[in-house]
Amino acid sequence: MTIAELRAQADELDRIDALAPFRAQFCVPRHTDGSETTYLCGNSLGLAPRGARASVEQELLAWEALGVEGHFKPERPWVSFHELFARHLAKIVGAAPHEVVAMNTLTVNLHLMLTSFYRPEPARYKVLVGHAAFPSDRYALASQIALRGFAPANAFVTAAPRAGEHTLHTQDVVALIEQHASELALVLMDGVNYYTGERVDITAITEVAHRYGITAGFDLAHAAGNVPLALHDWDADFAVWCHYKYLNGGPGCVAGCFVHERHGFARDPLPRMAGWWGHDKHSRFQMGPEFEPIPGAEGWQLSNPPLFSLAALLPSLELFADAGMDRLRAKSEALTGFLDRALRSLFPEWIEIITPAAPTHRGCQLSVRVKRDAKKAFAALGANGVICDWREPDVIRLAPVPLYNRFADVVRCAEVLSAIHAGSDAP
């Protein structure tokens with residue numbers, strides 16, 4: 001396959017793309033020559049929706065005009081502002097609105113969930129994790145394990161790839177859970193792994209964990225807004241995610257949390273770290289001394305939500321609602337598949353794609369090992385306006401996001417890589 005052939009295919013695919021108009025709703029960074037960059041880094045930080053500025057300014061103006069009365073008087077009262085997000089998030093992660101809440105940041109939410117759901121016992125205190133879990137998750141887990149009086153060095157059971165492979169097999173994860181069932185208090189896996197881009201089988205992992213009385217939780221930082229999810233039907237106990245990657249909420253944006261309704265509406269509430277914003281709404285402002293949690297995920301809230309962060313996120317969630325996860329997923333499979341075929345065709349000896357080839361086992365990200373001059377290739381991509389990211393020791397992550405990327409972006413990436421491969425500095 002040549003670059004010219006790829007370009008002809010991309011032109012036609014972009015012409016018939018029903019989601020193409022959504023690109024105009026985002027601010028694409030400019031290259032030094034003034035042209036739009038080829039932005040393939042939504043797996044790290046999503047682009048700014050054009051509506052974000054006006055949404056934040058609306059709340060700034062309300063603050064200026066109303067002061068404290070903004071909690072109750074503006075078009076979007078602050079006291080209930082976070083409630084605008086439940087129906088959007090529920091559709092994105094496959095939950096009931098009362099099972100989700102926008103609050104805190106991802107690792108804070110993970111700590112809150114671990115406080116409630118990691119209930120170790122002397123003979124059953126271990127945690128099963130994936131081989132390339134995001135470091136923050138391991139840090140949070142290790143600190144929670146130590147706080148309960150156990151040694152973190154002895155508490156992790158790690159699901160690893162087979163020899164010579166990069167990603168997991170579901171049957172191996174299931175077998176590992178079965179092997180260590182009597183020792184495990186918790187399974188905590190990534191929905192989509194940040195490094196390899198592999199997508200795990202949440203249904204199978206949850207089912208086997210529950211069969212042995214083990215809690216199943218998931219970090220969906222790279223899954224929410226990337227792949228279809230059905231957390232309620234899949235019976236996950238809890239999940240956490242951020243909104244600044246595929247959900248385009250901006251750097252450090254408020255995060256999300258899922259608690260299955262069987263826990264959120266339990267007659268005997270789970271132990272938790274409590275705060276006043278999680279207190280029953282009808283009596284919250286009576287300032288009583290006893291904590292009465294709101295039923296559902298909202299009962300895990302601690303403090304007033306960060307209003308301006310929420311305001312920046314809302315326009316993106318509205319775009320997701322307009323586009324629909326089914327349509328986004330269909331385009332994502334086509335777009336990432338196009339990138340996969342292009343790279344394998346053009347550079348069969350130079351690169352290795354460590355992300356699973358099957359669309360059902362990945363999201364939009366491809367993790368590409370470059371076997372020669374990897375850092376030079378990454379630097380040259382950036383110098384030529386292709387924004388992606390690097391992971392040691394030799395992986396370039398490329399993420400064509402269906403909400404704003406085009407098939408032409410794939411061609412541009414391939415064009416720059418072809419020039420690098422041929423020994424040139426630019427196409």
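**Pro393 and its loop**

I started at Pro393, which sits in the loop between E14 and E15. I looked up the peptide bond in front of Pro393: Glu392 and Pro393 are joined in cis, with omega about 0°. I note here that this is a predicted model, and I read every entry below with that in mind.

**The sheet around that loop**

Next I asked myself in which order the strands of this open sheet run. The four strands go E11-E12-E15-E14, and the pairing is antiparallel. At the edges I found E11 (351-353) and E14, each pairing on one side only. I also looked up the twist: on average, neighbouring strands of this sheet are turned by 30° against each other, direction ignored.

I then took the E11 and E12 pair by itself. Three bridges hold these two strands in the antiparallel sense. For Glu352, I found the bridge partner in E12 to be Arg369.

**Helix H13**

From the sheet I moved to H13, residues 374-383. Which residues of H13 are buried? I listed Ala374, Ala377, Ala380 and Leu381. These residues are on the same side of H13, because they cover an arc of only 125° around the axis. My reminder to self is that an α-helix has 3.6 residues a turn, so residues three or four places apart point the same way.

I checked the opposite face as well. Lys376 and Ala383 are exposed there, on the face turned away from the buried side of H13.

What do the buried residues of H13 pack against? I noted four strands and a helix by name: E12 (366-370), E13 (386-387), E14 (389-391), E15 (395-398) and H14 (407-421). E12, E15 and E14 are also in the sheet I wrote down above. After H13 comes Gly385, and I recorded its phi as positive, near 85°.

**Cysteines**

I searched the whole structure for disulfides and got zero. Why is there no bond between Cys388 and Cys413? The cysteine sulfur closest to that of Cys388 is in Cys413, and at 6.5 Å it is too far for a bond. Looking from the other end, I found Cys413 in no disulfide either, with the sulfur of Cys388 as the nearest one at 6.5 Å. I jotted down the general point that a disulfide is a covalent bond between the sulfur atoms of two cysteines.

I looked up accessibility for both. Cys388 counts as buried at 8% relative accessibility, and Cys413 is buried with a relative accessible area of 0%.

**Strand E5**

My next stop was E5, residues 126-130, where five of five residues are buried. I sorted them by direction: Lys126, Leu128 and Gly130 point one way, while Val127 and Val129 point the other way. Both groups are buried, and I made a point of writing down that Lys126 is among them.

Which strands does E5 pair with? I found E6 (residues 156-159), in the parallel sense over four bridges, and E7 (residues 184-190), also parallel, over three bridges. Leu128 was a handy marker for me: in E6 it stands opposite Val157, and in E7 Leu128 stands opposite Val187.

**Positive phi outside glycine**

I looked up two residues here. Asn248 has a phi near 60°, a positive value in a residue other than glycine. I placed Asn248 in the loop between E9 (238-241) and E10 (255-259). Asn248 is buried, at a relative accessible area of 2%.

Met287 also has a positive phi, about 60°, and is not a glycine. I placed Met287 in the loop between H10 (261-264) and H11 (307-323). Is Met287 buried or exposed? I have it down as exposed, with a relative accessible area of 55%.

**Aromatics**

Last, I went through the rings and counted 15 aromatic pairs in the structure. I picked out Trp276 and Trp277, an edge-to-face pair at 5.2 Å centre to centre with 65° between the planes. The cut-off I needed for that label is that planes over 60 degrees apart count as edge-to-face.

I compared how covered the two tryptophans are. Trp276 counts as partly exposed, at 32% relative accessibility, whereas Trp277 is buried, with a relative accessible area of 1%. I closed the page with their cluster, which Trp276 and Trp277 form together with Phe72 and Phe285.

Key. Residues numbered from 1 in each chain as written. Predicted model: local features only at pLDDT ≥ 70, side-chain atom pairs only at ≥ 80, totals over all residues. Heavy atoms only, no water. Buried < 20%, exposed > 50% of the residue type's maximum accessible area, 1.4 Å probe, protein only. Arc of directions from axis to C-beta. Contact = heavy atoms within 4.5 Å. Pairing = 2+ DSSP bridges. Axes fitted to C-alpha atoms, helices over the stretch in contact; angles between N-to-C directions. Disulfide = S-S within 2.5 Å. Phe/Tyr/Trp six-rings, centres within 6.5 Å; stacked < 30°, edge-to-face > 60°.
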